[in-house]
Number of protein chains: 2
Amino acid sequence: MFKAIGLALAGLLFVGTPVAADDVAAVASPSDVLAVELKAEKGVLQYRVTRFGEPVVDWSKLAIALKGAPTLGAGATIAKTATRSEDDTWDLPWGERSRVRNHFNELTATVADKGGRTFDVVFRVYDDGLGFRYDVPKQDALAEALIRDEETEFRFAEPATTWWIEARLPNRYEYIYKTTPLEAVTMAHTPITMRTEDGLHISIHEAALVDYSGMSVRRTKGRAFKADLAPSSEKGVLVRGATPFVTPWRTLMISDTAGGLVESDLVLNLNEPNKLGDVSWVEPGKYVGIWWGMHLGVESWESGPIHGANTKNTMRYIDFAAENGFKGVLVEGWNIGWDGDWVQNGDLFDFTKAYPDYDIEKLAAYALSKGVRLVAHNETSGNIANYEDQMAAAYAMYERLGIRQIKTGYVADAGHIKARGADGKMHLEYHDGQVTQRHHIKVLEEAAKHRLSINSHEPVKDTGLRRTYPNWISREGARGQEYNAWGTPPNPPEHVAVLPFTRMLSGPMDYTPGIFDLTFNYEKTNGNRPQSTLAQQLAHYVVIYSPIQMVADLPENYGKHPDAFRFIKDVVTDWDETKVLNAEIGDYVTIARKAKGSGEWFLGSLTDEEGRMLSVPLSFLTPGTRYRAEIYRDGDKAHWDTAPYDFVREEKTVTSADTLTLRLAAGGGQAIRFLPQP
Amino acid sequence: MFKAIGLALAGLLFVGTPVAADDVAAVASPSDVLAVELKAEKGVLQYRVTRFGEPVVDWSKLAIALKGAPTLGAGATIAKTATRSEDDTWDLPWGERSRVRNHFNELTATVADKGGRTFDVVFRVYDDGLGFRYDVPKQDALAEALIRDEETEFRFAEPATTWWIEARLPNRYEYIYKTTPLEAVTMAHTPITMRTEDGLHISIHEAALVDYSGMSVRRTKGRAFKADLAPSSEKGVLVRGATPFVTPWRTLMISDTAGGLVESDLVLNLNEPNKLGDVSWVEPGKYVGIWWGMHLGVESWESGPIHGANTKNTMRYIDFAAENGFKGVLVEGWNIGWDGDWVQNGDLFDFTKAYPDYDIEKLAAYALSKGVRLVAHNETSGNIANYEDQMAAAYAMYERLGIRQIKTGYVADAGHIKARGADGKMHLEYHDGQVTQRHHIKVLEEAAKHRLSINSHEPVKDTGLRRTYPNWISREGARGQEYNAWGTPPNPPEHVAVLPFTRMLSGPMDYTPGIFDLTFNYEKTNGNRPQSTLAQQLAHYVVIYSPIQMVADLPENYGKHPDAFRFIKDVVTDWDETKVLNAEIGDYVTIARKAKGSGEWFLGSLTDEEGRMLSVPLSFLTPGTRYRAEIYRDGDKAHWDTAPYDFVREEKTVTSADTLTLRLAAGGGQAIRFLPQP
């Protein structure tokens, strides 16, 4: 390996400013696609990323500013370097695929700084991206580490079109993505994704965010960005740590194609293996719920005449789930605390006490008798202190009731998470701050004791921790379907063509697809409704990955389109393989996934406000096998705005040698199930 | 059909300005992807193009300005409309595929104008594009038609990145493509290709340019363009016609993907069928030639000490061709006329008289004895009068010598074609003007009598006439390999990643690939050399389609890379099928083609100045068959600039179920031959 690294370095010196070779450490990816160089020039530790010899990230600083101590890395020298390679494969209990290859070359540089401290910078370089982190050993010169700023830079070499949402706004991650030049970005949440003029696709994110504050990226000048850690209630301290510690991995996915980003396992590979042992109790599947009615305003979370969470209504949902093979029934508004201003008064939520019209014991038993489980709902309004106080008792109760899954909620403006500090007082924190991140881990660990999985809404962003905690089964963290009920504006058709290349690069999303009444609010001012065709709602089940998928509309609306509903009944939510067949960010995407432990494949394709004709070779199918393709497509006159219900279900016999032409209407989509034939 | 058209119209009325339905005629493509509407509003005839209900071309004018008569179409009313559909398949004697499907809906609108004239506008609408033309019947009110301006407009609805070359510049079509916003285009040759912000790919061109002047497009304002016909020596008359006549088809290819443009057969479909009958004497294949030495300056066209076209040198090339299975030997500079300023003195060229040191009779016989044919070379310097005078005699001589192919040349600045007018005097014309276009047809018809095929350099652009005249076997019409010898600058790496989506949409190009000495001029000021790796030179044989492909370097240079040379020996030039596996304009392209009448496939992939990792499913292969893949790829350190010769040849066994990862270096490429195994 050392020789290969030397060769990579020799080649790289032709590009950019020459430096004395002995000041630069370098490592190349397994197929010599990417290379990282590291140097300490005039005491400034810097890295650079090239791809096929061309710069992707120009020399960018690495340092961490501390409170009450000199900046870690100021006056740096590289004391020693070491390299190693790894190529192995590991199993996912659930996911987009069942086996993941982890193949990288690693460079570890041990840095000494003028503050007398030492730390490692570790780069893992894959052919499709890289991650790096600071690894700070226990040392007398730095016992406590109070981080006031992470100075890590990302100086992008090329202009790029960028898809991004602004960080630090009240609605957390729930915004429509902007499409701007890289130079117009201000401060962005990650993943932030760009496409250079030369067609290179790059996404910045982080992996394994543990006991640290989430990273956004702030543009400082031109195409230069720096890490911007989420704020904390402790003045001047964004992360409170002690040596030894490691930072999360700062990640760059880099691919020639938009689909290459989606297929990358970089973020999962950089997380620690499963800590929970046997997780056979984590149950992927579909669920229904008392939820959409509240968003439409025809039911309520709070008690009263239209309280959705009543025993009769829930039994109806249990019956609906059982009849159609769905495994979960979520009931929001079941527990005391929703009356009054619940967003402000999260401390009033009681996570074990049901409203009187909701007989949870009876319902849980009824559900189990029908082969269905209740899904608990724990809205906290961001009061994590109140939630942590009740968590153990609540989880024990849920376990006893046969519940396997909790949808948690943290509805509060950014910066309004209520947490109890070390001083015993309440402090306001960020959804992506260190304190909240710690809370989520506490929740997962407590939940695991009770064989419960967590689906967090208004969460901290996903950084691949589902590998380490496989009971973190899904989360929200983006503008979901509910904005189509009341958002101003509703999600534009482009939204679902941007999500796969931004939010979804971080992990599963509980988007809550499958709205069949597409015109409920058609004449109101905002034009609120899903801006999609019926066929596209089906495609979401394949395109927008989550191991749990809601069947989100009111049961009565499915009866109006039984042909389309068949797809939702048939589609699965756990996969052995995933392939992106075509994709352009913000335009269209087609994904094929192989059902877990089965020979079936499912395909989902969707487009933005432009119709598409996409040619799709079926080469992902097993050669020599004949498949029945059950095709759910837009009708010839379909258009999200004028004819959303124009829809055709048809069947064809196909093989891996066939090519299908997918005709997607404006705002349309297509979903296909491929069943092997005997 | 009529009903379907009515439905299309009803749907379309939701978009844009409503008009009274009886003023608008409309037609949709077979799968309702594209629709064209036509109206005569306040006497202005206009058309519009939508795709999935969204505008692609806004209302754009149709009219032809005449000399000495009112504008054709001014004060228009639509007198009647008719529609018809066609779906058939026809055979190509040679081409990118052997069978072509022609599936369109057609709208014919008969227009009466206030000048008392009548004409038809005919639209043929395919799912992947459309063509329209004016069809003017014989009529007393318009016997002679002297066209002074074609006022056809193209008002594009969306902003777009555009790849284009400027029209009317001295070097004809031989320029590096510009990449600019659509709004920065001035006057462009066709094909001009764009990609909208929504990912729609559009290319404007024309089909069946016969007895008319070539069309460029001139931007008038914003995103609005108009037709701009090539100038003529006759003042105020760009086209001299008489009724009845038809204009060429104005074409718009429209696709979601860059590859969709390349796979479109629109332009061929809009040409007339083969007029020549049996064309078994048209011979696709590879050829070598005395040519590159002149461009490098080590040989000369003119007589003297380094005259390339001497008997001994030619025998060496015949031997080289015969040894390696190449079928043609081109010899430039063989005939009298090259001494002195030949660019100015085209009248001195004698097309039957060889230089004394070139024994053409002996060489032709020697070639035939070795199973090889001489390829004639007829440089005219644009003096088409002189060429037409000698053509019949020359072609008879070539036929007698067993020659089957002529490379013609029209080296003259734009506007400097010398033609004899009806007045018997010499006039200066354009390469793409009506007079020159007529000349090319004369050449083809005369050549066909002698079973000769024509490979025109400095030609009029291709508009698909190879369908009608299959002996128009190739042509130049873009910046070719010779610019790498002496161009300022040489072709940048991006050039070959732009050509497939611009120039190549018109038809085959004699790019003259296969230069193996990649560093001949490395230290001179311009850095002249092919800016590619060795592997990319091989990929050109598959990517840059031509039924005749030159093996362009000096024979001695192939001996230095026998491993790479094997691919050139093995690759064919005529195909049953063509598939674009991935593509982004100006970035990269991968094309697979099935060898004519054989089970073999060839793949070519190339990239611009950025290296690429491209994932390519081999689903184009026949399922169940094992293939030996002979892979010619960039080595791990390859880079067009620093390591162009780093090259690997390797073999693998693959099937249609496999996916290959193509690793292309910066300026690199890959070529693969797939041989079915028993």
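1. A salt bridge here is a side-chain nitrogen of Lys or Arg within 4 Å of a carboxyl oxygen of Asp or Glu. A:K461 and A:E206 form such a pair, with their closest N and O atoms 2.8 Å apart. A:K461 sits in the loop between β28 (453-456) and β29 (472-475) of chain A, and A:E206 sits in strand β16 (residues 201-207) of chain A, so the pair ties together parts that are 255 residues apart in sequence. Over all chains the count comes to 107 salt bridges. Bear in mind throughout that this is a predicted model.

2. Symmetry next. Two copies of a chain are related by a rotation about an axis and a shift along it. Here, a turn of 180° and a shift of 0.0 Å along the axis lay chain B on chain A with an RMSD of 0.0 Å. That is the relation of a two-fold axis. Within chain B, B:S619 has the C-alpha nearest the axis, at 2.5 Å from it.

3. The interface matches the symmetry question. Of the interface residues of chain B, 100% are also interface residues in chain A, so the copies meet through the same surface. Chain B brings 40 residues to the contact, and chain A brings 40 residues.

4. On interface size: this is often given as the accessible area lost when the parts come together. Between chain B and chain A, about 3300 Å² is buried. Carbon and sulfur atoms give 46% of that area.

5. Now the polar side of the contact. Side chains of opposite charge can pair when their charged atoms come close. Between chain B and chain A there are eight salt bridges. A:R195 forms a salt bridge with B:D587, where the closest N and O atoms are 3.8 Å apart. Set against the 4 Å limit of the definition, the 3.8 Å of A:R195 and B:D587 is worth noting when that pair is read. The two chains also have 18 residue pairs in polar contact, counting pairs with both residues at pLDDT 80 or more.

6. Which elements of chain B supply at least two residues each of the side that touches chain A? They are α1 (2-12), β34 (612-617) and β37 (659-664). Of the elements, β34(B) gives the most to that side, with four residues. By type, the residues on the side of chain B that touches chain A divide into 15 nonpolar, eight polar and 17 charged.

7. Two domain annotations for chain A come from UniProt, both from an unreviewed entry. The record places "domain: Glycosyl-hydrolase 97 N-terminal" (unreviewed entry) at residues 27-273. In the model, residues 27-273 of chain A are 4% helix and 55% strand, and the end C-alpha atoms lie 25 Å apart. The UniProt annotation "domain: Glycosyl-hydrolase 97 C-terminal oligomerisation" (unreviewed entry) covers residues 574-674 of chain A. Those residues, 574-674, are 0% helix and 58% strand, with the end C-alpha atoms 15 Å apart.

8. Some backbone details deserve a look. The peptide bond from A:T190 to A:P191 is cis, with omega near -5°. A:P191 lies in the loop between β14 (187-188) and β15 (192-196) of chain A. Another cis peptide bond joins A:T488 and A:P489, with omega about -5°. The loop between α9 (483-486) and α10 (495-498) of chain A holds A:P489.

9. One phi value also stands out for checking. A:R172 is not a glycine, yet its phi is positive, about 55°. A:R172 is in the loop between β12 (160-164) and β13 (178-181) of chain A.

Key:
Residues are numbered from 1 along each chain as its sequence is written. Chains are lettered from A and ligands numbered from 1 in the order in which they are written. This is a predicted model: local features need pLDDT of at least 70, side-chain atom pairs count only at pLDDT 80 or more; totals for chains, interfaces and linings use all residues. Side-chain values use heavy atoms; hydrogens and water are left out. Contact means heavy atoms within 4.5 Å. Buried area is the accessible area (1.4 Å probe) that two parts lose on being put together, summed over both. A polar contact is a pair of N or O atoms within 3.5 Å; within protein, one must be able to donate a hydrogen and the other to accept it, and residues adjacent in sequence count only if both atoms are side-chain atoms. Ala, Val, Leu, Ile, Met, Phe, Trp, Tyr, Cys and Pro count as nonpolar, Asp, Glu, Lys and Arg as charged, and the others, Gly among them, as polar. UniProt positions are given in the numbering used here, feature names are shortened, and annotations may be inferred rather than shown by experiment. Copies are superposed by least squares on the C-alpha atoms of residues with pLDDT of at least 70 in both.
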